[in-house]
Amino acid sequence: MHGLLWLLLLVATIGSVSYLRLKLINATIAIAAVMLIGTFTGITGLFSWILFLAIALPLNMESFRRQNITLPILKIYKKIMPEMSRTEQEAINAGTVWWDGEIFSGKPDWQKLHSIPQPRLTPEEQAFLDGPVDEACRMLDEWQVNHKLADLPPELWQFLKDNKFFAMIIKKEYGGLQFSSYAQSRVLQKLSAKGAVLSSTVGVPNSLGPGELLQHYGTPEQQNHYLPRLAEGLEIPCFALTSPDAGSDAGAIPDSGIVCKGTFEGKEVLGMKLTFNKRYITLAPVATVVGLAFKLYDPEHLLGEEENLGITCALIPADTKGLEIGNRHFPLNVPFQNGPVRGKDIFVPLDFIIGGADMAGQGWRMLVECLSVGRCITLPSNSAGGSKTVAMATGAYARIRRQFKLPIGKMEGIEEMMARIGGNTYLMDAVTSMSTMGVDLGEKPSVIGAICKYHLTEKARNVMEAAMDIHGGKGIMLGPNNYLGRGYQSIPIGITVEGANILTRNMMIYGQGAMRCHPYVLKELYAANNNDRAESLKEFDQALFGHIGFAISNVFRALWLSLTGAIFAKAPFSDETAGYYRSMERFSTNLALLSDVSMGVLGGELKRRERLSARLGDMLSYIYLASTVLKRFDDEGRQQEDLPLMHWAMQDSLHKLEIAQEELLQNFPSNALGMLLKVLVSPFGKKYKRPSDALDHQIAKILQTPGTSRNRLIQGQYLTREEGNVIGQMEQTLEDVIACEPLYDKICKAANERFYFTQLDELAKKGLELGVINQQEAELLTRTEIGRLQAINVDDFSPEELMVEKPKSPKAPAKKAPAKKKATVKKATDSES
């Protein structure tokens with residue numbers, strides 16, 4: 001009996017020191033103390049001590065451990081270490097690790113999460129949103145842009161240039177606005193309410209492109225020449241990366257530059273002969289300067305010993321001889337400026353390289369670092385802003401539109417779709433706020449950028465599909481009054497660009513995340529590649545045994561948190577959010593454990609097992625998304641009215657997180673190991689359910705009822721109630737309908753009849769006849785009827801209006817005077833010949 005108790009004490013001690021992640025020497029002392037207790041009670045003898053010391057002493061004697069344990073492992077590691085391409089290495093080295101590192105730690109520091117400042121706009125940024133941004137929205141007629149001009153109108157292009165919309169990222173010293181990333185996000189969110197053409201046109205120059213690259217890497221001469229011109233709108237930039245044979249695999253671009261001597265503007269200079277074929281390049285048809293990515297080669301060794309210098313970025317003026325530019329693609333009937341850029345044997349000076357000759361071959365690192373920032377801003381902001389507008393419009397429409405004598409928003413099937421819209425919109429805005437704040441703090445979070453791009457464009461697709469289901473015929477009939485159709489068409493564009501979503505999910509999120517965010521994997525890799533043998537052994541030893549301790553810790557932590565339901569895990573608040581923090585710590589531990597097991601079992605094969613990698617990436621992603629929700633809820637003052645939105649977003653994320661974990665283990669290469677891991681991380685089966693019907697009902701009610709919670713959900717959107725702003729007019733009609741509902745009930749009661757909520761102008765007359773409403777109330781009913789019809793009606797056109805080319809009327813054959821027989825015969829003969 002005493003022996004069993006001592007054994008339980010030993011296991012508990014090992015588990016405790018592992019759970020608490022004590023240093024090796026402290027853990028050894030704690031276990032030695034248990035051994036002493038066993039000795040005093042006669043349980044442990046000489047053999048037990050010999051066994052203990054045989055393990056403990058070598059591990060704690062660093063010099064002995066390095067030479068006899070670590071060195072052999074290091075030699076094996078170097079042999080089995082997976083090969084990495086140069087582009088993969090540069091991608092991993094680029095960017096920074098931020099909150100994603102905490103997620104991978106298995107024990108996120110929630111205080112660190114809530115110490116991240118809440119993003120706020122400066123007075124200058126707010127004035128820009130309230131002034132020029134509103135005016136740009138006011139100037140845009142989406143139907144005119146999409147159906148008639150296939151472009152922004154010239155006066156709007158000029159307005160954007162004059163007000164420096166393309167210079168939000170450019171520093172003030174060069175004449176730019178130098179807005180925060182958060183402000184850029186808010187601008188794009190508001191512009192997205194007026195369509196993808198406007199938001200894309202403004203977003204691209206402020207994302208990955210010449211302006212961003214020049215500020216970080218350009219020479220002083222390049223910066224002083226181009227940045228002021230970009231700020232003033234005298235130059236329109238584009239960036240050409242994608243080739244027909246290299247889309248998502250950008251490192252395989254066939255476009256080339258050969259270092260050589262040549263003549264440029266009458267002088268012989270050292271330069272490059274460029275040959276390239278690019279497509280899908282936004283703003284290319286109107287660009288005046290082209291950022292170009294290509295592989296640079298130096299076969300004559302004019303720059304040094306290396307022949308293959310690698311991916312390089314250069315700036316090419318659009319009027320350069322031989323540059324083919326100006327044609328347009330037509331992306332899904334959404335006519336933002338997008339087209340191909342081509343050139344063959346174009347000679348340009350070497351100083352056209354961004355950063356000059358010293359930056360030759362550094363292009364991929366430059367691109368990955370800038371792309372990690374852009375992925376946190378442009379597409380996520382467009383997705384979040386579009387979803388906020390959709391949430392606002394759909395909530396209004398569901399309250400205005402009646403079927404079976406009640407608003408369709410009260411039907412449970414509609415409530416399910418509206419909850420999906422509201423809950424995802426709340427989460428998406430939380431993600432953009434926290435992620436852009438990270439960028440403003442100086443982070444370049446490449447993994448988080450990939451998470452933002454993938455999940456927010458996918459959630460925008462889910463939101464738009466739900467909205468289309470609710471609107472039915474109203475959503476599919478294009479015309480000036482349709483505020484969904486063009487957005488629905490544009491959704492696949494966001495899914496496709498900046499790395500197709502299939503690639504982003506299956507390869508990038510976890511492919512980079514496992515290397516960059518894991519506390520030890522990258523350290524082991526760097527140590528193994530260190531050419532200094534002594535330093536390499538020291539660094540590898542520290543990383544290896546840190547990794548071993550980390551893995552052991554996660555085994556005990558995962559088991560304990562699973563068995564107890566994580567009820568003893570710490571949470572920064574003791575309210576309704578506490579359980580979410582504890583659950584996320586549990587999943588963070590599971591992610592760390594499953595990552596180590598997956599990498600240990602599969603090694604370099606893991607990156608080719610894309611579906612396993614994707615599910616690990618899903619776990620990482622949903623923990624991050626849920627973290628931003630808790631951050632938003634706290635930043636906004638823990639508003640009780642917002643609890644349904646917060647609960648829906650958290651429950652949906654945890655439910656999908658658990659599904660990802662379950663599917664990973666179901667498809668694990670070793671069935672036995674998969675079952676063992678399932679017992680370890682989920683011994684009682686699935687715990688987290690999708691949001692309930694009752695929660696869906698609460699969110700549907702929020703979307704249909706003007707109030708503070710709905711206002712926070714749709715904050716920052718273009719809501720002016722003016723002619724031409726269909727969304728703003730819908731908001732006015734929503735308020736009018738709600739104001740009319742008591743009048744409707746009063747009239748129905750007085751007439752002892754339940755009327756349809758239609759022909760409100762006629763209902764007003766009946767109310768006046770019955771004497772139950774006054775003239776002012778009758779006018780409200782009449783005005784509401786006009787707005788109601790505008791909200792539910794769709795556009796129609798004459799056949800001629802929809803034709804690009806009008807058909808030509810067939811001409812009647814001209815009558816000829818009778819001719820002589822001879823002439824007629826001659827004519828026939830000529831005709832036959």
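Here a visitor asks a guide about the aromatic rings and the overall build of a predicted model.

Visitor: Where do we start, and how many helices and strands are there in the chain?

Guide: The chain holds 32 helices and nine strands. Its C-alpha atoms fill a box of roughly 130 × 90 × 60 Å along the principal axes.

Visitor: How many aromatic pairs does a search of the whole structure find?

Guide: The search finds 16 aromatic pairs. One of them joins phenylalanine 128 and phenylalanine 179.

Visitor: What makes phenylalanine 128 and phenylalanine 179 an aromatic pair, and why is it called edge-to-face?

Guide: Their ring centres are 5.2 Å apart, and rings pair if their centres lie within 6.5 Å. The planes stand at 75 degrees to each other; angles over 60 count as edge-to-face, so the name fits.

Visitor: How do you know that this pair links distant parts of the chain?

Guide: Look at where each ring sits: phenylalanine 128 belongs to helix α8 (residues 123–139), while phenylalanine 179 lies in the loop between α10 (154–162) and α11 (181–192). The two residues are 51 residues apart.

Visitor: Why is phenylalanine 128 called buried?

Guide: Its relative accessible area is 7%. Buried means under 20%, so phenylalanine 128 qualifies.

Visitor: And what makes phenylalanine 179 count as buried?

Guide: The reasoning runs the same way: phenylalanine 179 has 8% relative accessibility, which is under 20%, so it counts as buried.

Visitor: Why is the pair of tryptophan 157 and phenylalanine 166 called tilted?

Guide: The angle between their planes is 55 degrees. Stacked needs under 30 degrees and edge-to-face needs over 60, so this pair falls with the rest, called tilted. The centres are 6.1 Å apart, and both tryptophan 157 and phenylalanine 166 are buried.

Visitor: Which residues form one aromatic cluster?

Guide: Trp99, Trp110, Phe573 and Tyr581 do. Phenylalanine 573 also has a charge over its ring: the charged end of arginine 638, 3.7 Å from the ring centre.

Visitor: How do you know that arginine 402 is close enough to count as lying over the face of phenylalanine 757?

Guide: Arginine 402 is 4.0 Å from the ring centre, and the distance limit is within 6 Å, so that part of the test is met.

Visitor: What part of the chain's residues count as buried?

Guide: Of the 833 residues, 55% do. The accessible surface comes to about 37,700 Å², with 56% of it belonging to carbon and sulfur atoms.

Conventions:
Residues are numbered from 1 along each chain as its sequence is written. This is a predicted model: local features need pLDDT of at least 70, side-chain atom pairs count only at pLDDT 80 or more; totals for chains, interfaces and linings use all residues. Side-chain values use heavy atoms; hydrogens and water are left out. Rings of Phe, Tyr and Trp (its six-membered ring) pair if their centres lie within 6.5 Å; planes under 30 degrees apart count as stacked, over 60 as edge-to-face and the rest as tilted. Helices (H or I, at least four residues) and strands (E, at least two) are DSSP runs, numbered from the N terminus. Buried means under 20% relative accessible area, exposed over 50%, partly exposed in between (1.4 Å probe, protein chains only). A charge sits over a ring if NZ of Lys or CZ of Arg is within 6 Å of the ring centre and within 35 degrees of the ring normal. Accessible areas come from the Shrake-Rupley method with a 1.4 Å probe; for residues, only the protein chains shown count as cover.
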